[in-house]
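Open the model in a viewer with the cartoon representation on and the chains coloured separately. The stops below say what to select and what is there.

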Amino acid sequence: MIDKYDAIVIGAGHNGLVCSALLAKAGKKVLVLEANNQVGGAAITREFAEGYSASACAHLLYQLQPQVEKDLNLNLKLASKNMSTIVLSKGIEHVSYCGSKVTGVNDSDQKNFKEFTKRMTKFANLLKPYLNKAPPRLGTKNKKDLFTLAMLGFDLRRMGQVEMREFLRLIGMNIYDELDERFESPLLKGGLSLDSVLGTHLGPRSPNTILTYLYRMAGKHGEISLPEGGMGSVSKALSDCAEAAGVEIKTNSQVKKVLLAKGAATGVELNDGTVYNSEIVVSNADPKKTMLELVGARNVETRFTHRIDNIRMKGNAAKLHIALNKLPTIKGFSDADYGQRILIAPDENYVEKAFNPAKYGKSSPQPVMEITFPSVNDDSLAPSGGHVMSAIVQYAPYKHKSDWNEEARNNFKNAIYSVLKQYMPDIDSCTLSMELLTPVDLENEFHITGGHWHHGELTLDQFMFVRPVAGSAQYQMPIDGLYLCGAGSHPGGGISGASGRNAAQVILKKGNK
Amino acid sequence: MTPVKINTGRLRTPFYPRLAELDFLNTWHNWAGYTSAEALYCEDMEYFAIRNSTGVFDITPMTKYRITGPDALDYLNRLVTRDMRKIKPGRVAYAIWCDDQGQVIDDGTIFHLREGEYRLCSQERHFAWLTTAAIGFDVSIKEETAEVAALAVQGPTSYSVLKNMAIDGLDTLKPFGLIHHQIFGTELMISRTGFTGDLGYELWIDPDKAIDLWDALFEAGKLHGIKAIGTHALGLARKEAGYLAPFEDFLPAEATVRTGRTRSPLEIGMEWLVDFNKDNFNGRRALLKEKAEGSKWRLVRLDIEGNKTADHSYIYSQGKNNSEEIGFITSAAWSPICKQNIALGTVKAPYGKPGDNVWVEVYYQREMHWNKVMAKATVVDKPFWFPPRRGATPPAPF
């Protein structure tokens, strides 16, 4: 069977869907090929126990770029929005923050938190416009690139000398030192530390963790919401939008390789041998999978291959799903509190210590967690009376010493439960069943190299001009007609849609020339 | 703790004891970590051994890599610019490899020893590059420089010398062919290759049998004028043959710092080695672009008037005072066999087409005083020295 399209998108992850929808809206005939049986990539809702469903990977929405929503006329249904973050204390003095307000800390911390969030918001706003366009090339004479670079410099300078210095001081720094200088409350410091390192192979003392924090803030100023029906509903909305624009989406269609002729893409071949032709192939898969597996090292240059091969993308976050017969008891919690974002990160050193073993191929004996009970505000996820706990648990290194054998999994499960029990003493009796997805499971299920949620660590050496690698940050790969549109390209991970949107813009501009 | 004694000086090849016996001049230099004789007793006599009888040169320091594995052929085909699928077992390919920008990293020879088993030889070391290039290939790359001793046996009587050693298969061994021969309880590989542009062979053997091989070779060649030679004699022979030397006629791309100091294969006269019709090879995209847009440089072989050697001279478009400076000489010599003043040089394209005339500014010293002459030179497209015996199969006996 031979079919010809204007563009083929490999992978129906959220970025692939955004990209395909925008291409189709511009009049292109687009085909999206998804390996799994439903669209969304890792942004799906799936049943993990009979009657109980949860978002398979990311479970909270805070980075979806407003430009994406606007371009696609998205109208997402949210089960709750503007959620607070509650950092659990072993007693009842939990710390809770939302926007620039924090409760459960002293006056000085409250005042400092206001200043801190104000400054971080300002810096995040500075970055934001640059996340929503292709990064400029360095060392080029291209006028548009030079203009963008000049604008970046100008925007920095415009903040004033003090703020610019502060930005330059902070951008490569670690969050630990900044928090330690400003705050007294261990819970507040623990919570903000975890905010900075979520989904990364970084501890709060690792350089770059201010950047990751800013990146998190650059979506909607850190505003957190929970999509109704789990993350799958976001993907569903995006795929509805794509299909309405004329995109053809085929699930259960795993691409085996990108077909090439004389250094240019000509289409793709599926595992079952089906061939689809198109002079534009856009990959929502991560850069390593795209270039080393789908294209093949032999078809690209040596140094480029080397750079791609060296992208740091070993996942460190595990996903935990628990089916509950009732909500576990948390001391001092009101009913509404269960509907918020809940963190277990008692202090900044605890978070750092949780990270330490990950460096040596072991999981944390005392993990940190981001917990939600999505069923509190969304009864579609659990049978009546029952509840779902969905948690991101760190650290669970992809390269585990034991390769995540049964014993290692059980040890990690036990560690998670022993931590949970300190805050939810009745968690055992509430648990009906549980599922733990390590980065290895995420890799197998969602075809993400290293099981890394962000398709590559978000650090300065893999950011902006050098994401995924130096010289190829503008979505176009060194194969004519081949583009990346996933989180591995600029700006990066999270349910943001920015990579997909930026890629579509680059592809369309190229086509108009 | 007892101190460990580590030999940090230059390495000695397995042939060193024999070379040392023959050495009269005591002039040695460093070649890839090994000590290598510049000349042993008389540079001129050694040179004439290559052209008139047989010169034996120790090429053990030549860097050698064994490349094997299911993807060996695909790997090499991506590495080098020529089509390696055409190089059958028992054949040798002269090849060039480039970086991502299509700039030459080095040249070398690839021996297809047996089906799927290759040896890559080059003057410089390239393990890092070869390993990097192996990402995504099921291939093994092993540095075997010290595990193979090798001699170049070059000159008109070399065929007869090897015949005296009762080596089978020499009669049908064509240039760039290789054969295996059992001797001293081990395997000797004989390839009809060399760096002299003359009839010649290269012998490759287990280092433990190196001395046995040397002795047998010199015994077999004693009536055929066999002589050990040094680098200088070989250097002159290679210029006559028009062969390039890295660091002299081009810089390996990885060794340059300044932009614009690298060269593409198209700029050093190696376009014939670049096969745009095969699948992707490293540098292909960049080279296609260069081919479309035009190259900046051209490598030229020059036949220069007069007898003053044009070492490091500037090349001009005209003989007049105000003419444009268009390039420079990279290696030059008076060729005793051709009776020609020869040189290799680099000029800006589009200067230097075969048959063109250029002018070379030659400085020379006479009793301390410097003199200058503007010598007219002709660009030639053939090697200066290319005797029929180089290609004759079987070669004529002596």
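Two strands count as paired if DSSP finds at least two bridges between them. The model is a predicted one, and the tour begins with a pair of strands in chain B.

**Stop 1: the hairpin in chain B**

Select residues 357-366 and 369-380 of chain B, which are β18(B) and β19(B). These two strands run antiparallel and are joined by 10 bridges. Within the pair, Tyr364(B) stands opposite Asn371(B) of β19(B). Two residues lie between the strands of this hairpin, and Glu367(B) has a positive phi near 50°.

Now add residues 297-304 of chain B, strand β14(B). β14(B) also runs antiparallel to β19(B), with four bridges between them. Leu302(B) has Val379(B) in β19(B) as its bridge partner.

**Stop 2: the six-stranded sheet of chain B**

Stay in chain B and show the open sheet of six strands, ordered β10-β11-β12-β9-β3-β13, whose pairing is mixed. Its edges are β10 (178-183) and β13 (226-228) of chain B, each paired on one side only. From one strand to the next, the twist averages 25°.

At the β13(B) end, select β3 (residues 54-58) of chain B: β3(B) and β13(B) pair in the parallel sense over three bridges. Show Val56(B) as sticks together with its bridge partner in β13(B), Ala228(B).

Which helix packs on this sheet? Select residues 210-220 of chain B for α6(B), which touches β3, β9, β11, β12 and β13 of chain B. The direction of α6(B) makes about 150° with that of β12(B).

**Stop 3: where the chains touch**

Show both chains. Here 14 residues of chain A are in contact with 13 residues of chain B. On the chain A side, α10 (287-296) and α11 (302-309) each supply at least two residues. The largest contribution on that side comes from α11(A), with six residues. By type, the chain A side divides into four nonpolar, six polar and four charged residues.

**Stop 4: the eight-stranded sheet of chain A**

Hide chain B. Chain A has an open sheet of eight strands in the order β9-β8-β7-β17-β18-β19-β16-β20, with mixed pairing. The edge strands are β9 (101-103) and β20 (431-437) of chain A, and each pairs on one side only. The twist averages 20° from strand to strand.

Select residues 85-87 and 95-98 of chain A, which are β7(A) and β8(A): they run antiparallel, joined by three bridges. Thr85(A) is opposite Tyr97(A) of β8(A).

Two helices to add next:

- α7(A), residues 186-197, packs on the sheet and touches β7, β8, β9, β17 and β18 of chain A, at about 125° to the direction of β7(A).
- α13(A), residues 406-423, lies across β16, β17, β19 and β20 of chain A and runs at about 125° to β20(A).

**Stop 5: helix α15 of chain A**

Finish with residues 439-446 of chain A, helix α15(A). Which of its residues are buried? They are Pro439(A), Val440(A), Leu442(A), Glu443(A) and Phe446(A). Look down the axis of α15(A): the buried residues fall within an arc of 160°, so they line one face of the helix. Their cover includes β16 and β20 of chain A, two strands of the eight-stranded sheet. After α15(A) comes His447(A), with a positive phi near 60°.

Key. Residues are numbered from 1 along each chain as its sequence is written. Chains are lettered from A and ligands numbered from 1 in the order in which they are written. This is a predicted model: local features need pLDDT of at least 70, side-chain atom pairs count only at pLDDT 80 or more; totals for chains, interfaces and linings use all residues. Axes are lines fitted to C-alpha atoms, for helices over the stretch in contact, and angles run from 0 to 180 degrees between N-to-C directions. Two residues are in contact if their C-beta atoms, placed from the backbone, lie within 7 Å. Ala, Val, Leu, Ile, Met, Phe, Trp, Tyr, Cys and Pro count as nonpolar, Asp, Glu, Lys and Arg as charged, and the others, Gly among them, as polar. A residue is buried if 20 or more other C-beta atoms lie within 10 Å of its own, exposed if 12 or fewer, and partly exposed in between; C-beta atoms are placed from the backbone. The arc is that of the directions from the helix axis to the C-beta atoms.
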